Structures are given as structure tokens and as C-alpha cells.
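Here are some short exercises to work through with the model open on your screen. Try each task before you read its solution.

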Amino acid sequence: MTSFHPSGYPQSVDPCYNYTVLNDQWRSTNNTNTQDIHCDQSINWQGWYRLFLGSSNARIPERCIDSNRCGTHAPLWITQPHPSQPGETVTRTVCNNWSGSCCQFPSHTIQVKLCHGNYYVYKLERPSVCHLAYCAEFLPEMPSVLASTCTVTGPTIIDVHGQINSIQDRCAYSLFSTPSLPDFLVLGNFRDRRRKDVSFLDSVTLRVDGHDIHLEQGGRVQLDDSTLTLSSSSQLVHGVQLSKDQTGVTAKLSLSNLIISVFFDGYTAQILLEGPAGSSVEGLCGKSSRSLSDLRLSEYSSTSCEMQYSEPADSTINCTSVTERCDLLKEAPFSSCNTDIDPEPYITACTDTLCKYPAVDGLNCQFLKAYARACSLHNHTLDGWTSNTGCSSEAFCQDRTCSDHEFCGEKTVGGDTRCFCRDIFASKYQANNSLGDPTVCMQDSASLTLVGCLLEDKGIDYSALHLNDPTCRGQVDELTHMVTFSFNSSNSCGTVVTTNNSELIYKNTIMTQNSSSDIITRHDQVYIDFSCVQTQADIKTATFRIRDSSVIQHITSGVWDYTLTMKAFTNVSHTQAVESSIEVQLNQKIWVELKTDGLDGDMVAVVTDSCWATDQPSPDSTPRYDLIINGCANPADQTVQVEENGLGTSNYFSFNMFEFTGGSGEVFLHCKLHVCPKQEYSCLQTCPGAARRCRYARPKYEGEAFISMAWTH
């Protein structure tokens, strides 16, 4: 007996490639010689065995064999049929024929496996007594089995007949289907990378019983919209066995008469079909020369996917060197496979692609690797091909996830990898010399989104960028890798607000973080200005008249008893009072005095907590527009200024006149105040912004007051 261990297969793998040859002519069912009797009980059976008679495949009979045959007294046979599906392993009962009984002595069981290539291997056990021995008969003629491979790599499809076709656009195409499986489809999605005029296989989708299993870049697998976590152990998903190792992802569908295996490493797909000869194969894998428009799948394609581009040739590419590299497929060790797998389609795919597109991102090895794997599917082990070519059998960019508008590539040839922008996606930004989308302006906020892969192209680290306020930094979307900078009314991030006639202009800048310790820099400094322009609330040609030139209220609150007067002026010195006969223009500055009588200025101060406007008399009505908030000017309205708030028994504030959009034409001004004992509390604090002041937070309010003033057209 001789052992068989094919080169490249570890001892613990499939017994179809790890067995001992059992080639004893005396085991033949035709042997009736009783002079030389054998007994298999004396053999120490270990592992798996493959039977031969001479140079022909043999098997253990499935019928009772007459006594005194097969070089023994009681021939051993199995009581049930052999497995019928390639790769299938079964357990079978072994009986013996003696003294007129087909199972005279105690029976035992063995394991049997049908291997790809139409042969069996057996895990044999010792029979119960002597003289019993396993019989062998010639393997009966088995149905012809188709074992065909379709390879899709780069833009090229090499169908099961070895014919090629090339995809020029960025659409989805049917790769494989068969009438015997109406609910099963394998399709390929093609996308651009560094050039617009060369497309690459980007992902593979298996459509199974209404569900989509997506095999994507980086070894990511999605079932419809959910991500699956895979390992080397098979996981059954809608009848498909899914597994993943360092070389890529395999999806396998086993049927009664057909096995379909789909392998994808993020760049090359290989579909292995095993079934009866004559099985119908449709899609580009069945006949790649079919019209592409017939096999294009619009439901999986983008609307503009058919558009084709023309770009200048890459002058850095040496097509002669490329051809020499691709022709390695005709040299050792690849040449040992050339008789079974024609290298010419792979060489054509290699040269057609690499004479147009630079040999980066693993492309220098991609076509060689595709051929080597096609050979391995047909039991050819190409020893040393990786070391001879400087390639790796592991998947390129494994476990790096890029967004839909990105692909995984090399920063430098043979170096680290990152996500790059697809060329068509990037071109719309490059045309405007832009790194992102236009500013999005809302009523009280603004945002600007930059493209992560464009920043990386420029060598810009997004984490080093900030707004005018260095604490305001970009937020990265983990799915799209877009970086968004924003500010709003609650966090202005250093936004500068200016006016231009009736417009308010909010402006901020995305800039590079500066370090005082940096004497020099070798990176471009980033300054990206963005702004929003808004029309000020109701700045129109209109005039207002005050209903009452002054409002006086007597306040009694707790121990406090005083008079509060609210009066408006048109000048900063508060000498020109606004009378009911005076017209006030929109956007005209108004000064409002809040003055008390009856309070000791040495002991207390008056603090204006808040002032706001409504278009109805009720202070609680809406809409409401705030002028003073928590003792400070509303930061969103740069026309508001607060003076002497908390200094004495009077204070002032000013603002530019406005009206409510679509309102009643009236403006009601409301203010809320309180008395602050100076000896107990400090009644001032610095407000945000230059020279603005407001009160400290109060443990309680004393002598609270409320007063309103009305203006009308």
C-alpha cells in the first residue's frame, strides 16, 4: 500500500487528497483462487483508502458476493449504495457471505466518500473474524460530470468555454443563471477606480429566493441590508454555505445534481460549476460574447452607468514590460497547468488592462493569482508561484471597508493601503477646485461637508482641522467617511457676523491647527471660508409710532416699593425721546431706558433679566423675538447692546427697529427685571462678546418687576 498526499495539502484536510492506495489484484470479485487465502482482520487499518485494480479505479461491491472469492473465504460487501453527490460522505454497513448467508458473521460499519473526479475513498475497519476480506470491483461507468470555471477579473469575463468579453461601463451584469434554478442569479457590479475609462469588478451579488447576498470589497458580506460576520467555518444562509479566510469569501450552493461555488476576494470572482455535462449555463459566464445590453441589470445599476469616457493614455506605462509580466503564465510553474487551463484568455485580460491602467493596487499580481486559483480548482498545485512572482495568495485590502464612492488602493506601490476616491466621483469636486459640498444654510445653523478621501489625496489630516474656535472640529460619518463642520445659535464656534444693508452674513473658516512649537511645516495650510447670508427680520420700508412716549409702573414686591419707567430715545445720549408723533424707521437704532425711583443706589442695583418682543399684547404669545437673554444681549442679533446692567438703579439697551414677518404690524416690547442687593451679591458678570455684561446667577430674585411698551405702524 502506498500513501497519497498531494503537494500543498496539509495532512488533516479532505481525505480525497489524503489517502492510502489499496491495489491488490487478489481482491477482485473475479478471483476464485482458494489456494491463497487472505484475512483483513490482521491489518491495522488507519485513515482513508482508495481502491484500484491495476491502473483502474475500483470500489467495494454493493451486492452479496459468492463465498470463496476475492482471495478469502467470506467476501466483504456493503449493504447500501455508494454516495451519489461529489463531496458527500456516508456510513455503510459491511456484511460477509458464508455458509449460505450474506451476513453470516457480525457486521461492522465503514465511511465512504465520493470525491470530485468520480472516485471513492473508504475509512476501513477490521472485520470481526477470519477469513474475511474486502472485495473490489471495477468502478461502473458514471454519468459524465461537468466541472467548469468562469473567471471575472478587472473588466474581463472569461466564460466556461474560455472565451472573453470586457465591460466598458459601470453597470451590473448577469454572470450566471440556469433554467433549473429560476430563483438563483449571480451578478457582477462594475465600477471605476483611478481612471474613468477602465472599469473593474467591484462586488458580486447572489440573488437567492428573493434575498440578496452581497460579496463586497474588504471581505465584507451583506445579507440584504445587514452585515454578516463570517469565519472559515461554513455558515448556512438561505441554503448558501458562506465562509471566509485570508484569501477571500466563498459562497457554495449544493443541489441534487449541481454544485455552484462562488469565490470573491474583492477584485476577482471565480464561479465553479459541477454537474451533469450539458447543464445549461446562462449569463456572461455561459456565453461572454452575448450582447451586453441583454445581460445588463438595470435594477442593480445606477442611472448613468452606461456613460463611457475617453481619457488620454498614461505615458508612464511600458506596455512591453507589462506583456512580459503577463506572459509569465506560459512559464513554470504555471506551464504545468497550461494543458488543462488555457492561459491565453488570462494573458489577454492582463495585457489589455495593464497597458491602459497603472499596475498598482495589487494589479501586478491580480491576473496571475486568478490563473493560479483556476488551476487549483482543477487539482493543479503550482508550487512556488508566489515566491517566483513576488505575489501573495492573501486577498488584497482584506478587512478594509471603503464607502460606495471609494475603493481600496495602495498609498505607495507595495505599501500601506487606504480608501481612494473613485475618479468620476472626485472629478465633480476637482472641476471646481473644491474639497467638499456647498455650504448648507439653515435658519439658525450652517454646515460644510468635506470629502474624506479628497482630504487624504491632499495629505490633509481631518483631525487637525477646526473652525475659528479651535474646539469646534469635524465629525466623521463612519459609513461615508465625509467630514462635517457646523455651527449654530447655541455654539457659534467663533462665527463672525457682519451686516450689509438688509443682509446678515455669518462667516467661519475651516483651518489647520497651528502649533506654536512648529518652526517649519511641509504641509499646505488649510483655510476654507464658508458663509451664510440671511435677510434680517423684517427690514422693510416702513415706519413705527410709539403708542405711549413712556410707560410708568408702580412696583410693590416683598420689602421693595418703587416706581419703574420705560422710555425710548433716538440718540445715544438719551436726550431725544421718542414721542407718539415721531416716526421710527425700520433698522433705525433705538435706545430704551429702564429707570427706577425710590431705590437707594448705594445699596441696590437694578438688573434687567430679559427683554423680548411679540406681535400681540400678551408677553406669552408667539412668535417671540429675544433681545436680552439672562441679562446679556442675544448673541444672534448683533444690533442689540446692553449698558450699565446691574451697575445702578437704571440701565439701558439698544437695538435696530424691526417688525414681524406677516404679523399684525405691531411690536410689543416686554422686559423683566429684579433688584439686586449690592452688599450681598456681585450684580455683574462679563457676557460673551466685547464689553457686554450681565448678572451672576441668582440664588433668588428680589423686587421682581415686569413692564411692556407698544409700537405700531
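**Exercise 1. Find the ring over which the charged end of Arg418 sits, then describe the partner of that ring.**

Step 1. In this predicted model, the charged end of Arg418 sits over the ring of Phe420, 3.8 Å from its centre. The rule used is that NZ of Lys or CZ of Arg is within 6 Å of the ring centre and within 35 degrees of the ring normal.

Step 2. A word on the ground rules: residues are numbered from 1 along each chain as its sequence is written, and side-chain values use heavy atoms, with hydrogens and water left out. As the model is predicted, local features need pLDDT of at least 70 and side-chain atom pairs count only at pLDDT 80 or more, while totals for chains, interfaces and linings use all residues.

Step 3. Now list the ring pairs: the whole structure holds 18 aromatic pairs. Rings of Phe, Tyr and Trp (its six-membered ring) pair if their centres lie within 6.5 Å; planes under 30 degrees apart are stacked, over 60 edge-to-face, and the rest tilted.

Step 4. One pair to start with is Tyr173 and Phe190, which is edge-to-face because the centres are 6.2 Å apart and the planes stand at 75°. Tyr173 belongs to strand β14 (residues 172–178) and Phe190 to β15, so this pair ties together parts 17 residues apart in sequence. Strands here are DSSP runs of E with at least two residues, and helices are runs of H or I with at least four, numbered from the N terminus.

Step 5. Back to Phe420: with Phe407 it makes a stacked pair, 5.8 Å centre to centre and 20° between the planes. Phe407 is in strand β25 (residues 406–410) and Phe420 in strand β26 (residues 417–421), so the pair ties together parts that are 13 residues apart in sequence. Both Phe407 and Phe420 are buried, meaning under 20% relative accessible area (exposed is over 50%, partly exposed in between; 1.4 Å probe, protein chains only).

**Exercise 2. Is Arg195 buried or exposed, and which residues does Arg195 touch?**

Step 1. Locate Arg195 in the loop between β15 (181–192) and β16 (199–208).

Step 2. Its relative accessibility is 11%, so Arg195 counts as buried.

Step 3. Check the polar contacts (N or O atoms within 3.5 Å; within protein, one must be able to donate a hydrogen and the other to accept it, and residues adjacent in sequence count only if both atoms are side-chain atoms). The side chains of Arg195 and Asp197 are joined by one of 3.0 Å. A polar atom of the Arg195 side chain also lies 2.9 Å from the backbone oxygen of Pro312.

Step 4. Leaving out residues up to four places away in sequence, Arg195 touches Glu311, Pro312, Ala313, Asp314, Lys356, Tyr357, Pro358 and Asp423. Contact means heavy atoms within 4.5 Å.

**Exercise 3. How many residues of α4 are buried?**

Step 1. Helix α4 covers residues 363–377 and has 15 residues.

Step 2. Its C-alpha span from first to last is 21 Å, close to the 21 Å expected; the expected span is 1.5 Å times one less than the number of residues.

Step 3. Of the 15 residues, 11 are buried, so α4 is mostly covered. Among them are Leu363, Phe367, Tyr371 and Cys375.

Step 4. Just after α4, Asn379 takes a positive phi of about 65°.
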